[in-house]
Amino acid sequence: MAKSILFVISRPPYKSENPKLAITHAMACFVADMHIDEEVEPVVAFVGDGVLNCIKNQRSQEFYGIISTEQHIKNQLASDMRMLVCKEDLYRLDIKPERLINARDMGADIDLNVVGFNEVQKEMERCDQMMWF
Amino acid sequence: MATISIGLFSSLIGSMNSDFAVKLAETAVNKGHSVNLWFSGNAVTLARKGQKSFKDYSYLAERLKALQENGVAIVACEACAAARGIHKDDVIEGIAVHSMDWYVARAAKSDRVLHIGGE
């Protein structure tokens with residue numbers, strides 16, 4: 001049976017390195033079974049100001065010369081990684097669902113999953129480990 | 001006894017997060033626990049050799065060496081280090097450099113995971 005790790009992202013993009021570190025750590029789970037005899041299932045949850053990572057049309061390449069957090073999120077959606085976004089925090093920041101990233105242009109079968117914080121809490125209880133970024 | 005993985009994300013200088021993480025690792029080891037200590041982001045600066053001790057800056061090199069001697073696996077993130085110009089030859093002897101999959105694998109098998117700091 002696979003081990004599961006929940007990566008909770010609570011900081012906005014670019015202001016801090018943490019969101020990108022969370023996303024790259026989550027992506028690394030796909031090859032973690034090189035080191036242990038089990039697969040590692042990553043789940044990502046954006047909460048608090050971390051939901052700002054999920055807004056589409058980021059222009060980090062133009063302004064900072066770096067790959068956007070949006071591109072990382074799209075890669076993960078295209079890899080079928082489950083990604084939760086806290087509904088209450090989107091509401092607090094007046095971010096409508098149509099402003100959120102999707103990876104349909106990359107053939108992704110799943111979208112960011114907007115859920116209430118109670119669902120994030122359930123995931124915290126379900127997962128074997130939680131990493132807070 | 002338990003296995004504890006500590007992920008540290010703060011730099012050596014600038015906050016007391018690194019001191020706290022090392023103290024936590026020391027305490028856990030002294031209680032008989034197995035500890036993994038992972039440096040990511042700016043925490044990779046802890047792994048750099050040639051650090052000089054000043055009275056008004058954190059200096060953890062000797063305490064890291066003691067942790068290693070007590071069996072703690074201390075590992076720095078390869079990409080985070082390289083991005084900061086810290087390469088394998090720049091790292092304190094005994095501190096390993098691995099990619100993130102090493103850490104998430106260790107964390108997945110741990111009894112507890114603690115993340116400290118981050119700018």
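How many residue pairs are in polar contact between chain B and chain A, both at pLDDT 80 or more? The exercises below work on a predicted model.

**Exercise 1. Describe the interface between chain B and chain A, starting from its polar contacts.**

Step 1. Nine residue pairs are in polar contact between chain B and chain A, with both residues at pLDDT 80 or more.

Step 2. Locate the elements on the chain B side. Helix 4 (100-108) and strand 5 (112-116) of chain B each give two or more residues to the side that touches chain A. Helix 4 of chain B gives the most, with eight residues.

Step 3. Sort that side of chain B by class. It has eleven nonpolar, seven polar and six charged residues.

Step 4. Take the contact totals. On chain B, 24 residues are in contact with 25 residues of chain A.

Step 5. Take the area. The size of an interface is often given as the accessible area lost when the parts come together. Between chain B and chain A, about 1800 Å² is buried. Carbon and sulfur atoms give 62% of that area.

Step 6. Add the charged pairs. There are three salt bridges between chain B and chain A. One of them joins the side chains of B:Lys109 and A:Asp37, at 3.1 Å from N to O. The cut-off is 4 Å, so this pair qualifies.

**Exercise 2. Classify two aromatic pairs of chain B by geometry and exposure.**

Step 1. Start with the total. Six aromatic pairs are found over all chains.

Step 2. Test B:Trp38 and B:Tyr103. Their ring centres are 5.1 Å apart and their planes stand at 0°, so the pair is stacked.

Step 3. Place the two residues. B:Trp38 is in strand 2 (residues 34-39) of chain B, and B:Tyr103 is in helix 4 of chain B. The pair therefore ties together parts that are 65 residues apart in sequence.

Step 4. Check exposure. B:Trp38 has 0% relative accessibility, so it counts as buried. B:Tyr103 also has 0% relative accessibility and counts as buried.

Step 5. Test B:Phe54 and B:Tyr57. Their centres are 6.2 Å apart, with 75° between the planes. The pair is edge-to-face.

Step 6. Check exposure again. B:Phe54 is partly exposed at 44% relative accessible area. B:Tyr57 is partly exposed at 45% relative accessibility.

**Exercise 3. Find a ring cluster that draws on both chains.**

Step 1. Follow the ring pairs. They link A:Phe7, A:Phe133 and B:Phe9 into a cluster.

Step 2. Read the chain letters. A:Phe7 and A:Phe133 belong to chain A, and B:Phe9 belongs to chain B.

**Exercise 4. Decide whether helix 3 of chain A is mostly covered or mostly open, and say what lies over it.**

Step 1. Count the buried residues. Helix 3 (residues 69-78) of chain A has seven of its ten residues buried. The helix is mostly covered.

Step 2. Name them. The buried residues are A:Thr69, A:Glu70, A:His72, A:Ile73, A:Lys74, A:Gln76 and A:Leu77.

Step 3. Identify the cover. It includes helix 1 (18-28), strand 2 (40-46) and strand 3 (82-86) of chain A.

Step 4. Look past the helix end. Helix 3 of chain A is followed by A:Asp80, which has a positive phi near 65°.

**Exercise 5. Characterise A:Glu125.**

Step 1. Assign the element. A:Glu125 lies in helix 5 (residues 117-126) of chain A.

Step 2. Assign exposure. The relative accessible area of A:Glu125 is 67%, so this residue is exposed.

Step 3. Compare sequence and space. A:Glu125 and A:Thr24 are 101 residues apart in sequence. Their C-alpha atoms are 23 Å apart.

How values were computed. Residues numbered from 1 in each chain as written. Chains lettered and ligands numbered in written order. Predicted model: local features only at pLDDT ≥ 70, side-chain atom pairs only at ≥ 80, totals over all residues. Heavy atoms only, no water. Contact = heavy atoms within 4.5 Å. Buried area = accessible area lost by both parts, 1.4 Å probe. Polar contact = N/O pair within 3.5 Å; in protein donor to acceptor, adjacent residues only side chain to side chain. Helix = DSSP H or I, 4+ residues; strand = E, 2+ residues; numbered from the N terminus. Nonpolar A, V, L, I, M, F, W, Y, C, P; charged D, E, K, R; others polar. Buried < 20%, exposed > 50% of the residue type's maximum accessible area, 1.4 Å probe, protein only. Phe/Tyr/Trp six-rings, centres within 6.5 Å; stacked < 30°, edge-to-face > 60°.
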